[in-house]
Amino acid sequence: MKQTLDSWEPYARSILRIILAFVFSLHGYRLVYGMFPQLARRGGVGRMPLDGLPQFTGYIAIVGGALLFLGLWTQVAALVLALQSLAAYFAVAVSRSPVPLRAGAKEVVLYFLVFLYVAAVGGGIWSLDFAIQKWRGPMGFLRRHS
(Lines give C-alpha, C1' and ligand atoms only; values in the text may rest on other atoms or scores of the structure.)
Protein backbone atom coordinates (compact mmCIF):
# COMPACT_ATOMS: atom_id res chain seq x y z
CA MET A 1 0.00 0.00 0.00
CA LYS A 2 2.76 2.45 0.96
CA GLN A 3 4.60 1.73 -2.28
CA THR A 4 1.47 2.44 -4.32
CA LEU A 5 0.80 5.71 -2.52
CA ASP A 6 4.44 6.74 -2.87
CA SER A 7 4.26 6.17 -6.62
CA TRP A 8 1.29 8.60 -6.85
CA GLU A 9 3.06 11.39 -4.95
CA PRO A 10 4.64 13.21 -7.95
CA TYR A 11 1.26 13.30 -9.69
CA ALA A 12 -0.57 14.50 -6.57
CA ARG A 13 2.09 17.20 -6.10
CA SER A 14 1.53 18.38 -9.68
CA ILE A 15 -2.23 18.55 -9.16
CA LEU A 16 -1.73 20.45 -5.89
CA ARG A 17 0.62 22.91 -7.63
CA ILE A 18 -1.77 23.54 -10.54
CA ILE A 19 -4.84 24.12 -8.36
CA LEU A 20 -2.87 26.29 -5.92
CA ALA A 21 -1.47 28.42 -8.75
CA PHE A 22 -4.88 28.94 -10.33
CA VAL A 23 -6.62 29.91 -7.09
CA PHE A 24 -3.80 32.20 -5.94
CA SER A 25 -3.60 34.00 -9.29
CA LEU A 26 -7.27 34.97 -8.90
CA HIS A 27 -6.20 37.22 -6.01
CA GLY A 28 -3.85 38.98 -8.41
CA TYR A 29 -6.64 39.53 -10.93
CA ARG A 30 -8.78 40.97 -8.15
CA LEU A 31 -6.04 43.39 -7.08
CA VAL A 32 -5.04 44.52 -10.57
CA TYR A 33 -8.28 44.43 -12.55
CA GLY A 34 -11.00 44.38 -9.88
CA MET A 35 -12.26 41.00 -11.11
CA PHE A 36 -13.96 38.48 -8.81
CA PRO A 37 -15.11 40.92 -6.12
CA GLN A 38 -15.89 39.69 -2.64
CA LEU A 39 -19.61 39.07 -2.33
CA ALA A 40 -19.97 39.26 1.45
CA ARG A 41 -18.02 40.04 4.58
CA ARG A 42 -15.91 37.14 5.74
CA GLY A 43 -17.18 36.31 9.21
CA GLY A 44 -17.07 39.93 10.34
CA VAL A 45 -13.32 40.38 9.76
CA GLY A 46 -13.33 42.37 6.53
CA ARG A 47 -11.22 41.83 3.46
CA MET A 48 -8.76 39.03 3.00
CA PRO A 49 -5.21 40.16 3.87
CA LEU A 50 -4.02 39.62 0.27
CA ASP A 51 -6.58 42.20 -0.86
CA GLY A 52 -5.01 44.75 1.46
CA LEU A 53 -1.63 44.67 -0.30
CA PRO A 54 -0.65 47.32 -2.86
CA GLN A 55 -1.85 46.84 -6.43
CA PHE A 56 1.61 45.96 -7.82
CA THR A 57 1.59 42.79 -5.73
CA GLY A 58 -1.29 41.64 -7.91
CA TYR A 59 1.13 41.45 -10.82
CA ILE A 60 3.43 39.29 -8.70
CA ALA A 61 0.50 36.98 -7.96
CA ILE A 62 -0.48 36.77 -11.64
CA VAL A 63 3.03 36.12 -12.97
CA GLY A 64 3.97 33.83 -10.09
CA GLY A 65 0.70 31.95 -10.46
CA ALA A 66 1.31 31.49 -14.19
CA LEU A 67 4.85 30.20 -13.60
CA LEU A 68 3.61 27.88 -10.89
CA PHE A 69 0.73 26.68 -13.07
CA LEU A 70 3.17 25.75 -15.84
CA GLY A 71 5.72 24.38 -13.41
CA LEU A 72 8.44 26.67 -14.73
CA TRP A 73 10.95 27.94 -12.15
CA THR A 74 8.59 26.31 -9.69
CA GLN A 75 10.70 26.53 -6.57
CA VAL A 76 11.63 30.18 -7.05
CA ALA A 77 8.05 31.18 -7.92
CA ALA A 78 6.69 29.27 -4.91
CA LEU A 79 9.18 30.97 -2.61
CA VAL A 80 8.26 34.43 -3.90
CA LEU A 81 4.55 33.70 -3.46
CA ALA A 82 5.19 32.32 0.03
CA LEU A 83 6.92 35.58 0.91
CA GLN A 84 3.99 37.54 -0.55
CA SER A 85 1.60 35.55 1.64
CA LEU A 86 3.78 36.16 4.68
CA ALA A 87 3.91 39.88 3.88
CA ALA A 88 0.10 39.97 3.67
CA TYR A 89 -0.13 38.31 7.06
CA PHE A 90 2.27 40.72 8.78
CA ALA A 91 1.27 43.89 6.91
CA VAL A 92 -2.51 43.46 7.08
CA ALA A 93 -3.69 40.66 9.35
CA VAL A 94 -1.51 41.07 12.43
CA SER A 95 -2.87 44.56 13.03
CA ARG A 96 -6.34 42.98 13.36
CA SER A 97 -5.22 40.12 15.60
CA PRO A 98 -2.14 37.89 15.86
CA VAL A 99 -4.48 34.86 15.77
CA PRO A 100 -5.09 33.96 12.09
CA LEU A 101 -8.66 32.80 12.67
CA ARG A 102 -9.68 36.08 14.30
CA ALA A 103 -7.77 38.17 11.73
CA GLY A 104 -9.35 36.49 8.70
CA ALA A 105 -5.93 35.20 7.70
CA LYS A 106 -6.29 31.44 7.77
CA GLU A 107 -6.12 31.25 3.96
CA VAL A 108 -2.96 33.35 3.88
CA VAL A 109 -1.28 31.11 6.46
CA LEU A 110 -2.26 28.02 4.46
CA TYR A 111 -0.98 29.60 1.23
CA PHE A 112 2.30 30.36 2.99
CA LEU A 113 2.76 26.80 4.24
CA VAL A 114 1.79 25.10 0.97
CA PHE A 115 4.01 27.45 -1.07
CA LEU A 116 6.90 26.63 1.26
CA TYR A 117 6.23 22.93 0.71
CA VAL A 118 6.24 23.36 -3.09
CA ALA A 119 9.40 25.49 -2.87
CA ALA A 120 11.10 22.69 -0.94
CA VAL A 121 10.03 19.68 -3.03
CA GLY A 122 9.45 21.05 -6.53
CA GLY A 123 6.57 20.95 -8.96
CA GLY A 124 6.04 17.28 -9.58
CA ILE A 125 6.12 15.17 -12.68
CA TRP A 126 3.70 17.30 -14.74
CA SER A 127 5.84 20.44 -14.78
CA LEU A 128 8.03 22.16 -17.33
CA ASP A 129 10.90 22.00 -14.84
CA PHE A 130 10.64 18.21 -14.84
CA ALA A 131 10.41 18.06 -18.64
CA ILE A 132 13.46 20.31 -19.05
CA GLN A 133 15.44 18.31 -16.52
CA LYS A 134 14.50 15.07 -18.27
CA TRP A 135 15.43 16.52 -21.68
CA ARG A 136 18.82 17.70 -20.44
CA GLY A 137 19.56 14.33 -18.93
CA PRO A 138 21.78 13.54 -15.96
CA MET A 139 24.77 15.53 -17.25
CA GLY A 140 22.76 18.68 -17.97
CA PHE A 141 23.99 21.20 -20.55
CA LEU A 142 27.35 19.47 -21.15
CA ARG A 143 25.75 16.25 -22.33
CA ARG A 144 23.89 17.88 -25.22
CA HIS A 145 26.83 19.85 -26.60
CA SER A 146 29.75 17.49 -26.28
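Begin by selecting α2, residues 56–70, whose buried residues are covered by elements that include α1, α3 and α5. Those buried residues are Thr57, Gly58, Ala61, Ile62, Gly64, Gly65 and Leu68, where buried means under 20% relative accessible area, exposed means over 50% and partly exposed lies in between, all with a 1.4 Å probe and protein chains only. Helices here are DSSP runs of H or I with at least four residues, strands are runs of E with at least two, and both are numbered from the N terminus. The end C-alpha atoms of α2 are 22 Å apart, which agrees with the 21 Å that its 15 residues should span at 1.5 Å a residue, the expected span being 1.5 Å times one less than the number of residues. Just after this helix, select Gly71, which takes a positive phi of about 80°.

This is a predicted model, in which local features need pLDDT of at least 70 and side-chain atom pairs count only at pLDDT 80 or more, while totals for chains, interfaces and linings use all residues. Residues are numbered from 1 along each chain as its sequence is written, and side-chain values use heavy atoms, with hydrogens and water left out.

Now show the whole chain, which has seven helices and zero strands, and in which buried residues make up 37% of the 146 residues. If you color by pLDDT, the predictor's confidence in each residue from 0 to 100, the chain has a mean of 86, with 88% of its residues at 70 or more. Confidence is highest in α2, at a mean of 96, and lowest in α7 (residues 141–145), at 48. Over residues 142–146 the pLDDT is below 50, and this stretch has five contacts in the model beyond near neighbours in sequence, a contact being heavy atoms within 4.5 Å.

Next, select Thr74 in helix α3, residues 74–93; Thr74 counts as buried because its relative accessibility is 0%. Leaving aside neighbours within four places in sequence, Thr74 is in contact with Arg17, Leu68, Val118, Gly122, Gly123 and Asp129. Move from there to Ser127, in the loop between α5 (106–121) and α6, which is buried with a relative accessible area of 6%. Not counting residues up to four places away in sequence, Ser127 touches Arg17, Leu70 and Gly71.

Turn then to the surface and select Tyr11, Ile15, Ile19, Phe22, Val23, Phe69, Leu70, Trp126, Leu128 and Ile132, which make a nonpolar patch of about 920 Å². The elements that give two or more residues to this patch are α1 (2–33), α2 and α6 (128–136), and α1 gives the most, with five. One of the patch residues, Ile19, counts as exposed at 51% relative accessibility.

Finish with the three salt bridges of the structure, each defined as a side-chain nitrogen of Lys or Arg within 4 Å of a carboxyl oxygen of Asp or Glu. In α1, Asp6 and Lys2 lie four residues apart, about one turn of the helix, and their closest N and O atoms are 3.0 Å apart. Arg13 and Glu9 also lie four residues apart in α1, with closest N and O atoms 2.8 Å apart. The side chains of Asp51 and Arg30 meet at 2.6 Å, N to O, and this pair links distant parts of the chain, with Asp51 in the loop between α1 and α2 and Arg30 in helix α1, 21 residues apart. Asp51 counts as buried at 7% relative accessibility, whereas Arg30 counts as partly exposed at 22%.

Technical notes. Patch = residues over 30% accessible without salt bridge, like charges linked within 9 Å, V, L, I, M, F, W, Y side chains within 5 Å. Areas by Shrake-Rupley, 256 points an atom, 1.4 Å probe, with all protein chains shown as cover.
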